[in-house]
Amino acid sequence: MASVNSDLFAAGCVGVASWTVFRSSKIRGDYALLFYTAAGALLYTLIRLTSESPEPPFTTTVKLGSAYALSLLLTTVAYRVSPFHPLAKFPGPVLCKVTGLYLAYISFTGKRHSFLDRQHARYGRFVRAGPNIITVNSPSALTIYDNPNTTKSELYRIADRDLVHSALFFKPDTKRNHRDRRRIWHGLFTTAGLKEVLPSIERRTWQLLYALEQRQQNGVVDVGATLGHWAFDVMGDVVFGGMTDFEFLKKGDSNGIMRSNKLATTIMDSVGLSPWLLDILWHLPATKTMHASRDLATSMMRTRMKAERALDYRDLSSYWMEGGIPENQLELDAVVAMTAGSDTTASNLTFCVYFLTAHPECARQLRQELDKEFPNPAGMLDMDILQALPYLNGVIHESLRLTTPYFMPREVPVGGMVVDGHFIPHGTDITIATNSQHMSEENFYPDPLTFRPARWIPGGLGPETKTNKNVLCSFGLGEYACIGKMLAYQEMRHTLSRLVLMYDFAFPEGFDVAGFPQGMQYTRSTYFEIPLLLKVTRRPGITGFKTAFE
Ligand code: HEM
């Protein structure tokens, strides 16, 4: 008996010792699992060969393994909630301090932004949202993104170790590789590059109008889903020169490709907050949607690279190939471009249409502005004119402000940094509390929770108007900010204007107008609990226009 107890005690001590050794190292979850499986097998073999105890070797192995795991777990938890932890002075929910799995779970529900709003309301400007994560509800948190030494946190790491780590969006292997890759992408997002893809946006927008009319059932159409199809088709043209099988506006998404893509993004944005877990799940069927998204992008990339026919414009693939990115490195860039470029734009346009329908006085004001510039609603829309329209841009900014609660953690560099007067130690993951900042009276006054596009026009809400443009984080901040921002604006300005010029939108009877925005689930992909089913009718006087899928 004494020997069994001393063995268990020894296993517990090894647990504490391994915590001391491993606590600040970033070991991949799948490697750790392999290591522990091998260690367990070795221990079992040793016990079997040497033990004289009547207890079956398997039982002894499980007991020792459990003693080890329990002591490791307890030591980890005790340290994380102890005053010795470097983030001990920052308040936050105990469960968040204990494990990253809690925030991962909250994130998976799509309600991380409102959870963090509540925590900031309770604890103040700084909240410890994970064992090693701090969120800051203050405009001075912008300094995190201006600091050239902060890096993307480990939470952006791609689970697949075979993929080259210089694709955009994910944690790059080096800043230099990230900059080089960005330079290659950049060509499309210049004024000249954007001009080349504009005809594709125009063509797809006519198809969108056609789909909105054709898909009506019982007098309503799912505007959100149709905009999702439009955005995916646009990105198919922008990224792969249209050499895809999507044509979602024409055929719908019967294979659930968009759903898979959204789910893959959600898994990354939630489970990714516990990177060790994502490393393990990556090998299991649970993440098959992530693999499916990648496989689809790979196959489209191959089709595009082997294309016989010359394109009459330069798509993003053209820049990648000219930039010399090898084929086997492009698949991740392709997934990123398709996903980052479609779901985001579609969601924001969906919200724009919703807000304008919920606030008819704003819709009227926007239409007035557009009618003045474009007396023929079906005529050409000049992008330079659209770019300069104050109310149109106000509508887009206001919708972005209210609906893009991104979570953008950065790793604090060696030497630590000071944020809002507080020292943050090296290695901490730190992020601005986007949603709380977007909704704060400190930045947006009056009525920060209300859709009021005029706040983006100087003095638009009266002499007291406060609009802190700097804290609008909808396109990210600093060196990793959205490279597609200008394309997104081009798409949103063009398509929203066309919709407002051509159609009247109305809620059908019984639509839960107030519930729609509250039903938003946000996981870097946006889900709508309530579909945006609207009555869409042509404005009086608009009879025929070019709609067909020719
Ligand atoms: C309304 C539309 C869009 C929104 C709100 C949006 C938002 C964002 C945000 C917040 C980030 C930074 C993420 C972070 O730091 O964690 C980002 C990055 C990125 N976005 Fe967008 N985006 C939009 C449209 C697009 C489009 C059209 C593209 C075109 C391909 C695109 C491509 C990218 C890429 C490649 C990155 C990673 C940049 C890097 O790592 O350097 N986005 N986007």
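The exchange below covers the fold, the ligand shell and helix α5 of a predicted model.

Author: Local features here need pLDDT of at least 70, side-chain atom pairs count only at pLDDT 80 or more, and totals for chains, interfaces and linings use all residues. Residues are numbered from 1 along each chain as its sequence is written.

Reader: Why is the protein chain called as compact as a globular protein of that length?

Author: Its radius of gyration, taken over C-alpha atoms, is 26 Å, close to the 24 Å that the globule rule gives for 550 residues, so the description holds. That rule is 2.2 Å times the number of residues to the power 0.38.

Reader: What makes residues of helix α5 count as buried?

Author: A residue is buried if 20 or more other C-beta atoms, placed from the backbone, lie within 10 Å of its own. In α5 (residues 100-108), G100, Y102, L103, A104, I106 and S107 are buried. They pack against α4, α6, β1, β2 and α12, where a contact is a pair of C-beta atoms within 7 Å. Helices are DSSP runs of H or I with at least four residues, and strands are runs of E with at least two.

Reader: Which residues come nearest to the ligand?

Author: G341, T344, G476, C482 and G484, of the 23 residues around the ligand; a residue is near if its C-beta atom lies within 6 Å. Helix α16 gives the largest share of the shell, seven residues.

Reader: How are the shell residues divided by polarity?

Author: Into 14 nonpolar, eight polar and one charged. Ala, Val, Leu, Ile, Met, Phe, Trp, Tyr, Cys and Pro count as nonpolar, Asp, Glu, Lys and Arg as charged, and the others, Gly among them, as polar.

Notes:
A residue is buried if 20 or more other C-beta atoms lie within 10 Å of its own, exposed if 12 or fewer, and partly exposed in between; C-beta atoms are placed from the backbone. Two residues are in contact if their C-beta atoms, placed from the backbone, lie within 7 Å.
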